[in-house]
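Colleague: Got a minute to go through this model with me? I'd like to start with the rings and work outwards from there.

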Amino acid sequence: MPLATKSKVLGLNDMAISELTADTSSTLTYGTAVDIPGVTKLTLTPNYVEKELRGDEALLDTYQRLASIEFSFEHAIVSLEALKIITGGTLTAEGTTPSQKQTLNISNTSLAKYFKLQGKIIYSDFASGDVWLTLYKCKGQFKIEFQTEEYASISCSGKAIGTIKDGKIFDLVFREKTSALS
C-alpha cells in the first residue's frame, strides 16, 4: 500500500544548512550539513511569474510559474558555523585553554554563499516516519537581536531559486521511516 499523500504535521524539530559547492548542468554538490540549533520557526512564501491574457473585455487565460521561494527562519542559539555559511565570512579558532577564541569575521569583501536548507518534522500521521522539506539553492541575510534580560534571537531571511543542474527549488517529502538530516 503506498504511503499517504496527506498528513497533519506539528512542530519543527530540526534544521540544517549545507554550503552549495557546485551547481552545474551535470553536478550538484554540498558541503557537510551544519545544524541550525534551537530552531523555532520557518516561513516559506512562494513567488510566481504571473501573466494574464485579456481580450474581448474578458480574462481569457492566466499563466503562473514558480520563480522562487522567499524563506525566513528563527533560532534561539547562535551558531558561528551556520553564520559562516550564510555570510561567506571566515571562522578562526585560536589559543589554548583557558584562553581559546572562536572568531567569525565578516568584512565588506565577504560574499554571501548559496546553501541548501533542510527541515524535519517528526510529528505526523506516520507512526515511525517524518516529514522533510528541502530548499536546494538559498541565499540569505542574517539578523541577531540582543536585548536586556532576554535571550538573543537569531534569524535569517532570503530567497531560494532553482538549481542549474535540474531547476529544483523545493521538495516536501513524507517519509515512512525517520532518519537524521543529511
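Colleague: Is phenylalanine 115 buried or exposed?
Modeller: Bear in mind that this is a predicted model. Buried means under 20% relative accessible area. Phenylalanine 115 comes out at 0% relative accessibility, so the label is buried.

Colleague: Which ring does phenylalanine 115 pair with, and in what geometry?
Modeller: The centres of phenylalanine 115 and its partner are 6.1 Å apart, with 80° between the planes. Planes over 60 degrees apart count as edge-to-face. The partner ring is in strand 5 (residues 58–75), while phenylalanine 115 is in strand 8, so the pair ties together parts 44 residues apart in sequence. That makes it an edge-to-face pair with phenylalanine 71.

Colleague: What about the pair of phenylalanine 71 and phenylalanine 73: stacked or edge-to-face?
Modeller: Both residues are buried, and phenylalanine 71 has a relative accessible area of 2%. Their ring centres lie 6.3 Å apart with 10° between the planes. Planes under 30 degrees apart go down as stacked, and this pair is stacked.

Colleague: How many aromatic pairs does that make, and which residues form the cluster?
Modeller: The count comes to 2 aromatic pairs. Phenylalanine 71 takes part in the stacked pair and also in the edge-to-face one. The cluster linked by ring pairs is Phe71, Phe73 and Phe115.

Colleague: Which strand gives the most to the largest nonpolar core?
Modeller: That core has 24 residues, and Phe71, Phe73 and Phe115 are among those with the most contacts inside it, along with Met15, Ile17 and Leu117. Several elements supply at least two residues each, including strand 1, strand 4 (39–55), helix 1 and strand 10 (150–160). The top contributor, with 4 residues, is strand 9.

Colleague: Met15 is one of those core residues. Which of the cluster's phenylalanines is methionine 15 in contact with?
Modeller: Leave aside neighbours within four places in sequence, and methionine 15 still has contacts with Val34, Asp35, Ile36, Val39 and Leu42. Leu117, Gln118, Gly119 and Leu181 are on that list too. The phenylalanine there is Phe73.

Colleague: Now helix 1. Which of its residues are buried?
Modeller: Helix 1 covers residues 80–87. Just after helix 1, glycine 88 takes a positive phi of about 80°. As for the helix itself, the buried residues are Ala82, Leu83, Ile85, Ile86 and Thr87.

Colleague: Which backbone nitrogen does the side chain of threonine 87 reach?
Modeller: Threonine 87 sits in helix 1 and is buried, because its relative accessible area is 9%. Beyond its sequence neighbours, threonine 87 touches Ile106, Ser110, Leu111, Ala112 and Phe142. The side chain also reaches a backbone nitrogen at 3.0 Å, that of glycine 89.

Colleague: How far apart in sequence are glutamate 19 and lysine 113, which form a salt bridge?
Modeller: Their closest N and O atoms are 3.4 Å apart. Glutamate 19 belongs to strand 1 (residues 14–23), whereas lysine 113 is in the loop between strand 7 (101–105) and strand 8 (115–121). Glutamate 19 counts as partly exposed at 23% relative accessibility, and lysine 113 does too at 25%. Along the chain, the two are 94 residues apart.

Colleague: How many salt bridges does the structure hold?
Modeller: Lysine 143 meets glutamate 145 at 3.6 Å, N to O, and lysine 168 meets aspartate 171 at 3.2 Å. Lysine 143 is partly exposed at 46% relative accessibility, as is aspartate 171 at 21%. There's also a network linking Lys120, Asp130 and Arg175. For the whole structure, the number is 7.

Colleague: Back to rings for the last one: which lysine lies over the face of tyrosine 114?
Modeller: A charge over a ring needs NZ of Lys or CZ of Arg within 6 Å of the ring centre. Lysine 116 lies over the face of tyrosine 30, at 4.4 Å from the ring centre. For tyrosine 114, the distance is 4.1 Å and the residue is lysine 139.

Key: Residues numbered from 1 in each chain as written. Predicted model: local features only at pLDDT ≥ 70, side-chain atom pairs only at ≥ 80, totals over all residues. Heavy atoms only, no water. Buried < 20%, exposed > 50% of the residue type's maximum accessible area, 1.4 Å probe, protein only. Salt bridge = Lys/Arg side-chain N within 4 Å of Asp/Glu carboxyl O. Phe/Tyr/Trp six-rings, centres within 6.5 Å; stacked < 30°, edge-to-face > 60°. Lys NZ or Arg CZ within 6 Å of the ring centre and 35° of its normal. Core = buried A, V, L, I, M, F, W, Y, C linked by side-chain atoms within 4.5 Å. Contact = heavy atoms within 4.5 Å. Polar contact = N/O pair within 3.5 Å; in protein donor to acceptor, adjacent residues only side chain to side chain.
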